[in-house]
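This report describes one protein chain, beginning with its pocket and moving on to its fold, its charged pairs and a few single residues. Please keep the sequence and the model at hand while reading.

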Amino acid sequence: MAHNDLRDFIRTLEKNKELKRIPFEVDTRLEISAFADRSVKTGGPALLFEKPRLADGSISRIPVLINSFASMRRMELALEVDSVSEVAKRISEYLEMRMPEDLLGKLKMLPKLAEMG
């Protein structure tokens with residue numbers, strides 16, 4: 001697994017300058033989506049809203065992470081690969097796998113099966 005949990009992934013984003021923390025109150029109904037839209041359209045970072053304001057006016061204790069996978073770079077960080085095409089290639093290889101007929105072929109397939117697991 002690439003990351004232990006979401007906090008671990010957030011640390012990775014921060015370390016790679018792919019995250020912007022928003023420390024002030026932001027309305028969850030209108031403002032968060034506007035910030036997120038603008039960030040994506042300008043190639044900006046993922047956003048972590050630390051004080052989301054709920055419909056009743058209260059501040060949630062749960063932050064909101066948005067746009068965390070909205071760029072190829074962030075997808076590569078999430079999957080811990082140099083290129084997303086590496087993952088696509090591995091998936092294609094799995095889809096094209098054929099069951100070997102002899103024992104030697106089956107033994108050679110073990111590393112692939114372990115990687116799949």
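## The largest pocket

Helix α1 gives the most to the lining of the largest pocket, supplying four residues. The model is a predicted one. In this model the largest pocket has a volume of about 200 Å³. Its lining is made up of Leu 6, Arg 7, Ile 10, Arg 11, Arg 21, Leu 48, Pro 63, Val 64 and Leu 65. Two elements, α1 (6-15) and β3 (64-66), each supply at least two residues of this lining. By residue class, the lining divides into six nonpolar and three charged residues, with no polar ones.

As general background, rolling a probe the size of a water molecule over the atoms shows where empty space is left.

## The chain as a whole

The chain contains five helices and three strands. Read from the N terminus, the elements run α-β-α-β-β-α-α-α. Of the 117 residues in the chain, 27% are buried. The accessible surface comes to about 8,500 Å², and carbon and sulfur atoms account for 57% of that surface. Among contacts with a separation of 6 or more, 51% are between residues 24 or more positions apart.

## Salt bridges

Side chains of opposite charge can pair when their charged atoms come close. A search of the whole structure finds eight salt bridges. Three of them are listed here with their N to O distances.

| Pair | N to O distance |
|---|---|
| Asp 8 and Arg 11 | 3.9 Å |
| Glu 25 and Arg 53 | 3.4 Å |
| Arg 53 and Glu 31 | 3.7 Å |

How far apart along helix α1 are Asp 8 and Arg 11? The two are three residues apart in the helix, so about one helical turn separates them. Asp 8 counts as buried because its relative accessibility is 18%, under the 20% cut-off. Its partner Arg 11 is also one of the residues lining the largest pocket.

Arg 53 takes part in a salt bridge with Glu 25 and in another with Glu 31. What does the pair of Glu 25 and Arg 53 tie together? Glu 25 belongs to strand β1 (residues 19-27) and Arg 53 to strand β2 (residues 46-53), so their salt bridge ties together parts that are 28 residues apart in sequence. Glu 25 is partly exposed, at a relative accessible area of 41%. Arg 53 is partly exposed as well, with a value of 24%.

The second partner, Glu 31, is in helix α2 (residues 31-41), so the salt bridge between Arg 53 of strand β2 and Glu 31 ties together parts that are 22 residues apart in sequence. Glu 31 has a relative accessibility of 32% and counts as partly exposed.

A network of salt bridges also links Glu 14, Arg 21 and Glu 50. Arg 21 of this network appears in the lining of the largest pocket too.

## Pro 63

Pro 63, a lining residue of the largest pocket, lies in the loop between β2 and β3. Its relative accessibility of 43% makes it partly exposed. Which residues does Pro 63 contact, leaving aside its neighbours within four places in sequence? They are Leu 48, Phe 49, Glu 50 and Pro 52. Leu 48 is itself part of the pocket lining, and Glu 50 is a member of the salt-bridge network with Glu 14 and Arg 21. Between Pro 63 and Arg 53 there are 10.0 Å in space, C-alpha to C-alpha, and the two are 10 residues apart in sequence.

## Two residues with positive phi

Lys 17 has a positive phi of about 55° although it is not a glycine. This residue is in the loop between α1 and β1. Is Lys 17 buried or exposed? Lys 17 is exposed, at a relative accessible area of 74%.

Asn 67, also a residue other than glycine, has a positive phi near 65°. Asn 67 is found in the loop between β3 and α3 (72-79). With a relative accessible area of 15%, Asn 67 is buried.

Note on methods. Residues are numbered from 1 along each chain as its sequence is written. This is a predicted model: local features need pLDDT of at least 70, side-chain atom pairs count only at pLDDT 80 or more; totals for chains, interfaces and linings use all residues. Side-chain values use heavy atoms; hydrogens and water are left out. On a 1 Å grid over the protein atoms alone, a cavity is a set of points where a 1.4 Å probe fits but cannot get out, and a pocket is an open set with protein on both sides within 12 Å along at least five of seven lines; lining residues have an atom within 4 Å of a point. Grid points are joined across faces, edges and corners, and a volume is the space filled by probe spheres set on the points. Ala, Val, Leu, Ile, Met, Phe, Trp, Tyr, Cys and Pro count as nonpolar, Asp, Glu, Lys and Arg as charged, and the others, Gly among them, as polar. Buried means under 20% relative accessible area, exposed over 50%, partly exposed in between (1.4 Å probe, protein chains only). Contact means heavy atoms within 4.5 Å. Accessible areas come from the Shrake-Rupley method with a 1.4 Å probe; for residues, only the protein chains shown count as cover. A salt bridge is a side-chain nitrogen of Lys or Arg within 4 Å of a carboxyl oxygen of Asp or Glu.
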